[in-house]
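The following exercises concern helix packing and chain contacts. Please work through each task before reading its solution.

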Amino acid sequence: MKATIRGVRIRGICAAVPKETHKFENEIKDFPFPEKSSIRLGRVMGFREHRIADAATTPCDLASYILNYLFRQGWAQKDRLKGLLVVAQMADHPVPGNSKVIHGQLGLSQETYCADMYENCTGFISGLYMAAAQVAAGCMDEIALVVTDGGACHANKLDRNTYPLCGDAAGVALICKSDSLEDAMHFVFRNDGSRREALLVPAGGCRMPATAETAKPERDEMGNFRSLNDMHMDGTAVFQFVMESVPPLVKEACAYAGIENKQVQYHLTHQPNRFMLEKLADLMEVPREILFNNVVENFGNSSSATIPVNIAFNLGKRLLTEKPLVCLSAFGAGLSLAAAILHLGNMDFCELIEHPGNGCILPD
Amino acid sequence: MEEEIFIILKDIQPEFDFETSTDFVEDGYLDSFDVVTLVSELESKFSVSISALEIIPENFSSVKNICDLVKRSTKISSGVEKE
């Protein structure tokens with residue numbers, strides 16, 4: 001599916017990560033592998049440290065903390081926020097949805113439109129498409145796109161293939177109307193549900209409800225432990241999918257946007273691990289300097305929140321005064337792919353902040 | 001080169017006997033994360049850049065296949081890649 005949405009821009013981006021840092025070097029002893037082997041793998045993959053929220057802090061707490069920060073900074077007005085679109089794969093409760101929880105935590109107006117989207121790693125781009133479409137349709141002047149996620153609760157601590165790379169984070173992007181002809185967003189989406197088992201949490205849904213039995217961890221042939229409640233990843237299948245699918249997707253997005261690939265100034269991708277991103281940059285013949293790969297080593301892979309974390313961490317100050325042509329791209333569970341070409345910048349704010357923990361939604 | 005590759009493999013998975021295996025991946029000696037480590041070690045040891053499209057199980061199933069992969073990979077010399 002391809003779509004172009006004109007007359008819409010991102011007015012600001014703010015991302016939040018938990019303050020508490022978990023060091024890979026301290027986790028190595030938990031993995032059922034020789035220390036030397038884990039250190040070597042960590043060096044290649046970018047396992048250094050990651051941010052995991054404490055038990056009292058939920059995806060909604062992270063998101064509400066950001067929105068409250070924006071209100072306090074004067075970058076958003078609580079009484080003028082007309083829409084809240086929350087994208088996540090984790091929820092505070094089965095019922096109601098995250099958007100209603102955040103609405104209640106912040107005491108937003110009863111006039112505020114609230115909606116939830118379940119999405120995985122492509123969530124920021126899918127959410128951007130939906131939010132931009134609503135603004136472009138004239139439904140509201142501005143909408144807050146919230147992505148809040150993490151992989152920590154789906155990863156077994158004894159699984160060296162998934163736990164060291166996961167992290168928790170949230171991001172908020174304010175999407176508003178624009179009169180500038182430059183402000184157009186070109187989207188391309190692809191899905192292949194036939195390969196959905198390559199990234200799967202088998203239990204916990206209607207097909208296999210979580211039970212004491214599904215929670216029992218089992219050792220795989222390589223020595224990792226995981227239960228049916230944990231993330232199962234076919235690393236080979238995912239790697240091949242990304243390498244075969246993402247370069248043509250980006251080419252297609254560029255062609256659809258009417259630009260040459262080399263005109264893209266930054267490739268702001270989802271952040272699965274450093275090795276995959278280095279190989280992807282080489283395959284796309286893109287300098288590694290414009291396809292950042294440092295989010296996993298600093299914060300972890302937070303699914304749909306990695307793109308706002310990537311943007312705020314790597315380009316935060318620059319995007320306050322510059323407006324480069326960028327390609328957002330994401331890939332993951334589904335298996336799914338998404339890309340967007342847009343001019344991103346001249347924003348009112350672009351910042352990465354830390355959540356202090358204990359569920360707090362109010363900044364100091 | 002084969003001898004050096006055996007040393008790398010033994011270093012990554014010391015508990016397995018790679019010399020008797022007919023297929024390292026099928027036999028469960030190497031998972032996808034071991035392959036990542038192996039690629040990094042091969043690139044460093046032999047100064048090559050292995051294409052992402054070559055990182056498929058078949059290319060890591062035997063020492064011969066790994067040798068062939070290294071030989072056809074792009075040589076890196078003084079930071080300049082040559083075909």
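**Exercise 1.** How many of the ten residues of helix α7 (residues 274-283) of chain A are buried, and why is the helix described as enclosed or not enclosed by the rest of the structure?

*Solution.* The model is predicted, so local features need pLDDT of at least 70 and side-chain atom pairs count only at pLDDT 80 or more, while totals for chains, interfaces and linings use all residues. Residues are numbered from 1 along each chain as its sequence is written, and chains are lettered from A and ligands numbered from 1 in the order in which they are written.

Step 1. A residue is buried if 20 or more other C-beta atoms, placed from the backbone, lie within 10 Å of its own, exposed if 12 or fewer, and partly exposed in between. Helices (H or I, at least four residues) and strands (E, at least two) are DSSP runs, numbered from the N terminus.

Step 2. The buried residues of α7(A) are A:Arg274, A:Phe275, A:Met276, A:Leu277, A:Lys279, A:Leu280 and A:Ala281. Seven of ten are thus buried, so α7(A) is largely enclosed by the rest of the structure.

Step 3. Their packing partners in chain A are α2 (35-45), α6, β14 (266-269) and α8 (295-298), and α2 (32-46) of chain B also takes part. Just after α7(A), A:Glu285 has a positive phi of about 55°.

**Exercise 2.** Determine how α2(A) and α2(B) are oriented to each other, and which residues meet.

*Solution.* Step 1. The axes, which are lines fitted to C-alpha atoms over the stretch in contact, with angles from 0 to 180 degrees between N-to-C directions, lie 9 Å apart at an angle of about 75°.

Step 2. Angles under 35 degrees count as roughly parallel, over 145 as roughly antiparallel, 65 to 115 as roughly perpendicular and the rest as oblique. The two helices are therefore roughly perpendicular.

Step 3. With contact defined as C-beta atoms, placed from the backbone, within 7 Å, A:Arg40, A:Leu41, A:Val44 and A:Met45 meet B:Phe33, B:Val36, B:Thr37 and B:Ser40.

**Exercise 3.** Which element gives the most to the side of chain B that touches chain A?

*Solution.* Step 1. Between the chains, 15 residues of chain B are in contact with 18 of chain A.

Step 2. On the chain B side, α2(B) gives the most, with five residues.

Key: Two residues are in contact if their C-beta atoms, placed from the backbone, lie within 7 Å.
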